[in-house]
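Reader: I am new to this structure and would like a close look at a single part of it. Please start with one turn of the chain and work outward from there.

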Amino acid sequence: MTGPMTVDTHDNNDRTTLLVHAYVDGELDPANAIAIEQRIASEPALAAERARVEALRRALRERLPQEPAPAALREKVRRAAGLTRQRAQPTWMALAASLALAIFASSTGTWYAMQPPVGGSVPDAVIAGHLRALMAPQPADVASSDRHTVKPWFSGRIPLAPRVVDLVQDGFPLVGGRVDVVNRTPVPSLVYSRRQHLISLTAVPNASVGNRTSQTVQGYNMIAWTADGMTYWAVSDLNLQELEMFTRLFRAAPS
Amino acid sequence: MSGDDNTARFERIVQPHLGDAYALARWITGSRADAEDVVQDACLRAFRAIGGYAGGNTRAWMLTIVRNTAYTWLARNRSAVVMAVDDLVSIESANAGQAATSASGRYDANPEAELIAKADAARLEAAITALPPQFRDTLVLRDIQGLDYREIAAVTEVPVGTVMSRLARARQRLIEAIAADDR
């Protein structure tokens, strides 16, 4: 090999191919992206490469979504690291994990004896997720105002992708999405904005709060409601009237 | 740093990435049961190292540990699977030339793209499994797990340029393998 060791390119053709891939991956800076876009437009071979790569990426995304870790593994890992002190509230996933673990543990001993009672509440966990997001460099792990980008991003990460609606016309643009952990279960949070305020909307499976509740926790307004087997928690430092307007719009919007 | 702090950090840094960890381990080992062993082993390593964790990208940090653990595990349990680096270098350079020809040789419509669009999950999975390990890891990290180039470079411990070339080769091999089914 005669070229630099870091890029195994043999000629310009090959280097251009790498740039087409990087372009499809959104990895080029704007100047390079525009340059390669122009070449793709004028060179059919590059356009064909782009189409192949996009077809492959789409097929992989649609047909090989990431398989979630077995529920029992999460508890096994905790046990292995000696982290079995707090106990999550019994959501269905935790129940499934306990059941699997009970079978697993019945041969190995006294797992239940080591379990002290219940830890934090769902609203606390939701607030914690919101606060963490405010402190992080980015409030969302996937930053996009396009719901068709945000929704698929979740599908590789959590079992149930959330409902994502477009409320930009109503003055609540989508900022992106992230995965929070509530009751030790990864759950989707959508991030919307209103002026300078961010709204986190966290969807927790199977934890009913009745029809609707609102409360103020640590100075943040929270509104929760249950729909389609999910409890949605909207949390923000936005005033309660506008937060209520947001939740009304979200519930009424077509998916 | 107290034990409680480490416990909290473990919950915050490691647990959110368990799904990613398991998925990567499954691709590398090719087995669900082995993947569980690898992830448990990796989590123990992560827990021991967490006091010294300096910050930064937690997912890349976790996946780096998982990948290293998986290869150590494979070397111990199934030494034949791990390919020697010499072999890999020759594959990478042999493919570089081939890739250039295939990219420049086609000006017509796109039969491969259509075949790929029709390939089912089992076929895609088999084609990925057949890739040389370093190509497969790069492809899985990018196209299934959604890491960006910089994160993949961190996890696979190579420069970004190598990530780019491995990714392009891996994709071209998949495309060729799937297109070959139709001939």
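Author: In this predicted model, β2(A) and β3(A) form a hairpin, with 2 residues between the strands. One residue in that turn, Asn183(A), has a positive phi of about 55°.

The two arms of the hairpin can be placed by their numbering. Strand β2 of chain A takes in residues 174-182, and strand β3 of chain A takes in residues 185-194. They pair in the antiparallel sense, over 8 bridges. One facing pair is Val181(A), which stands opposite Pro186(A) in β3(A).

Strand β2(A) also pairs with strand β1 of chain A, residues 142-143. This pairing is likewise described as antiparallel, and it has 2 bridges. Here Val142(A) has Gly177(A) in β2(A) as its bridge partner. So how much of β2(A) is buried? The strand is mostly covered, as 7 of its 9 residues are buried.

After β3(A) comes a loop that leads to β4, residues 197-205 of chain A, and Arg195(A) has its place in that loop. Like Asn183(A) in the hairpin turn, Arg195(A) has a positive phi, in this case about 50°, although it is not a glycine. Is Arg195(A) buried or exposed? Arg195(A) has 7 C-beta neighbours inside 10 Å, so it counts as exposed.

The hairpin belongs to a chain that has both kinds of element: chain A holds 8 helices and 7 strands. Of its 255 residues, 37% are buried. Contacts in chain A with a separation of 6 or more can also be sorted by sequence distance, and residues 24 or more positions apart account for 56% of them.

Two helices of chain A can be added to the picture. Helix α6 of chain A covers residues 122-135. At 1.5 Å a residue, its 14 residues should span 20 Å, and because its end C-alpha atoms are 20 Å apart, the two values agree. Several residues of α6(A) are buried, among them Val126(A), Ile127(A), His130(A) and Ala133(A). On helices in general, there are 3.6 residues a turn in an α-helix, so residues three or four places apart point the same way.

The other helix, α3 of chain A, residues 44-63, leads across to chain B. The axes of α3(A) and of helix α10 of chain B, residues 160-180, come within 10 Å and cross at roughly 85°. The two helices are therefore roughly perpendicular to each other. From α3(A), Arg52(A), Val53(A) and Leu56(A) meet Arg171(B), Leu174(B) and Ile175(B) of α10(B). Sorted by class, this contact has 4 nonpolar and 2 charged residues, and no polar ones.

Chain B is built from helices: it has 10 of them and 0 strands. Of its 183 residues, 44% are buried. Where residues in contact are at least 6 apart in sequence, 70% of the contacts in chain B join residues at least 24 apart.

Within chain B, α10(B) is largely enclosed by the rest of the structure, because 15 of its 21 residues are buried. Its length follows the same kind of check as before: 21 residues at 1.5 Å each should span 30 Å, and the end C-alpha atoms are 30 Å apart, which agrees.

A neighbour of α10(B) is helix α9 of chain B, residues 149-156. The two helices pack at an angle of about 100°, with their axes 9 Å apart. That angle makes α9(B) roughly perpendicular to α10(B). Tyr149(B), Arg150(B), Ile152(B), Ala153(B) and Thr156(B) of α9(B) meet Val160(B), Val163(B) and Met164(B) of α10(B). The residues of this contact divide into 6 nonpolar, 1 polar and 1 charged.

Glu157(B) sits in the loop between α9 and α10 of chain B. Its phi is positive, about 60°, although it is not a glycine. Glu157(B) counts as exposed, because 10 other C-beta atoms lie within 10 Å.

A last residue, Ala60(B), lies in helix α4 of chain B, residues 58-77. Ala60(B) is buried, because 20 other C-beta atoms lie within 10 Å. Leaving aside residues up to four places away in sequence, Ala60(B) touches Glu151(B), Ala154(B) and Val155(B). Ala60(B) and Leu141(B) are 81 residues apart in sequence, and their C-alpha atoms are 10.0 Å apart in space.

Notes: Residues numbered from 1 in each chain as written. Chains lettered and ligands numbered in written order. Predicted model: local features only at pLDDT ≥ 70, side-chain atom pairs only at ≥ 80, totals over all residues. Buried ≥ 20, exposed ≤ 12 C-beta atoms within 10 Å, placed from the backbone. Helix = DSSP H or I, 4+ residues; strand = E, 2+ residues; numbered from the N terminus. Pairing = 2+ DSSP bridges. Expected span 1.5 Å × (residues − 1). Contact = placed C-beta atoms within 7 Å. Axes fitted to C-alpha atoms, helices over the stretch in contact; angles between N-to-C directions. Parallel < 35°, antiparallel > 145°, perpendicular 65-115°, else oblique. Nonpolar A, V, L, I, M, F, W, Y, C, P; charged D, E, K, R; others polar.
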